[in-house]
Amino acid sequence: ARAVIVLFGGDLADGGTWEWDGTVWSQRGVSGPSARIASAMAYDSARHRAILFGGFGPNYTLSDDVWEYNGSSWITGGKGPGGRYGAAMALDSARKKLVMFGGQDFAGLTNETWEYDGGWKKITTAHAPAGRTFAGLAFDSDRNVIVLNNGRGDSSDYVDTMRLVTTADAGT
């Protein structure tokens with residue numbers, strides 16, 4: 001809505017919020033989430049906020065918090081569906097909900113699918129992909145489907161693309 005790209009984190013010592021206007025990166029002097037790496041973040045155009053979840057914090061603690069950035073400040077969104085890093089997140093613009101898949105906690109990889117619209121709801125799909133980290137997730141507006149691409153498994157990288165969630169899967 002503000003014609004900028006928002007970046008958070010990437011450094012356990014500092015973190016920080018950055019915005020890119022297409023020409024220049026500018027660090028925003030706003031307080032908010034603790035420093036972290038490997039978090040999931042996507043823009044919720046229905047609510048006009050960038051949503052940040054999870055990641056590794058200092059001393060490699062797993063974060064289970066949700067933060068919402070409205071362009072001028074970070075607001076805590078409470079707890080998430082369990083601390084993890086390397087999850088993928090994208091907006092399903094047809095349903096106006098963020099969808100998050102996968103990631104890893106200290107027990108291992110997860111293949112859970114969750115949606116967020118201010119609160120979390122677990123989605124059970126007919127054919128859940130194998131658990132993975134660092135996958136790509138995007139919304140295909142021609143087919144009204146969230147698409148999962150690649151990612152890292154326990155012992156190798158996945159090279160696949162599949163439908164993850166559709167309007168029918170989510171029961172709407």
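This passage walks through the strands, cores, aromatic pairs and one arginine of a predicted model.

A good place to start is the open sheet, which is built from 4 strands in the order S4-S5-S6-S7 with antiparallel pairing. The edges are taken by S4 and strand S7 (74–79); each has a single partner strand, so one side of each is left without a neighbour in the sheet. From one strand to the next, the twist averages 20°. Within this sheet, S5 and strand S6 (residues 65–69) pair in the antiparallel sense over 4 bridges. Readers following the structure can locate this pairing at Ala50, whose bridge partner in S6 is Tyr69.

Further along the chain, strand S14 (residues 136–140) pairs with strand S15 (residues 145–152), again in the antiparallel sense, over 5 bridges. Here Phe139 stands opposite Ile146 in S15. The two strands S14 and S15 make a hairpin, with 4 residues between them. In its turn, Asn144 has a positive phi of about 50°.

Attention now moves to the interior. The largest nonpolar core contains 13 residues, and those with the most contacts inside it are Phe53, Val66, Met89, Leu98, Met100, Tyr116 and Trp120. Two or more residues are given to this core by each of strand S4 (40–44), strand S5 (49–53), S8, S9 and strand S12 (113–116). Apart from this core lies another, of 11 residues, which includes Ala135, Leu137, Leu148 and Leu164. Returning to Trp120, its contacts include the core residues Phe53, Val66 and Met100. Leaving aside residues up to four places away in sequence, Trp120 also touches Lys79, Gly80, Pro81, Trp114 and Glu115.

Glu115 appears again in the surroundings of Arg95, where a polar contact of 2.7 Å joins the two side chains. A polar contact of 2.8 Å joins the side chain of Arg95 to that of Asp92. Arg95 itself lies in the loop between strand S8 (88–92) and strand S9 (97–101). With a relative accessible area of 10%, Arg95 falls under the 20% limit and is therefore buried.

The aromatic residues complete the picture, with a count of 10 aromatic pairs. In one of them, the ring centres of Phe56 and Phe106 are 6.5 Å apart and the planes are at 45°, so the pair is tilted. Phe56 sits in the loop between S5 and S6, while Phe106 sits in the loop between strand S10 (104–105) and strand S11 (108–109), so this pair ties together parts that are 50 residues apart in sequence. The two partners have opposite surroundings: Phe56 counts as buried at 13% relative accessibility, whereas Phe106 is exposed, with a relative accessible area of 66%.

Tyr85 and Phe134 form a further tilted pair, at 6.2 Å centre to centre with 50° between the planes. This pair also links distant parts of the chain, 49 residues apart: Tyr85 is in the loop between S7 and S8, and Phe134 is in the loop between strand S13 (120–123) and S14. Tyr85 counts as buried at 17% relative accessibility, while Phe134 is partly exposed, with a relative accessible area of 47%. Together with Tyr60, the residues Phe56, Tyr85, Phe106 and Phe134 are linked by ring pairs into a cluster.

Terms used:
Residues numbered from 1 in each chain as written. Predicted model: local features only at pLDDT ≥ 70, side-chain atom pairs only at ≥ 80, totals over all residues. Heavy atoms only, no water. Buried < 20%, exposed > 50% of the residue type's maximum accessible area, 1.4 Å probe, protein only. Polar contact = N/O pair within 3.5 Å; in protein donor to acceptor, adjacent residues only side chain to side chain. Core = buried A, V, L, I, M, F, W, Y, C linked by side-chain atoms within 4.5 Å. Contact = heavy atoms within 4.5 Å. Pairing = 2+ DSSP bridges. Axes fitted to C-alpha atoms, helices over the stretch in contact; angles between N-to-C directions. Phe/Tyr/Trp six-rings, centres within 6.5 Å; stacked < 30°, edge-to-face > 60°.
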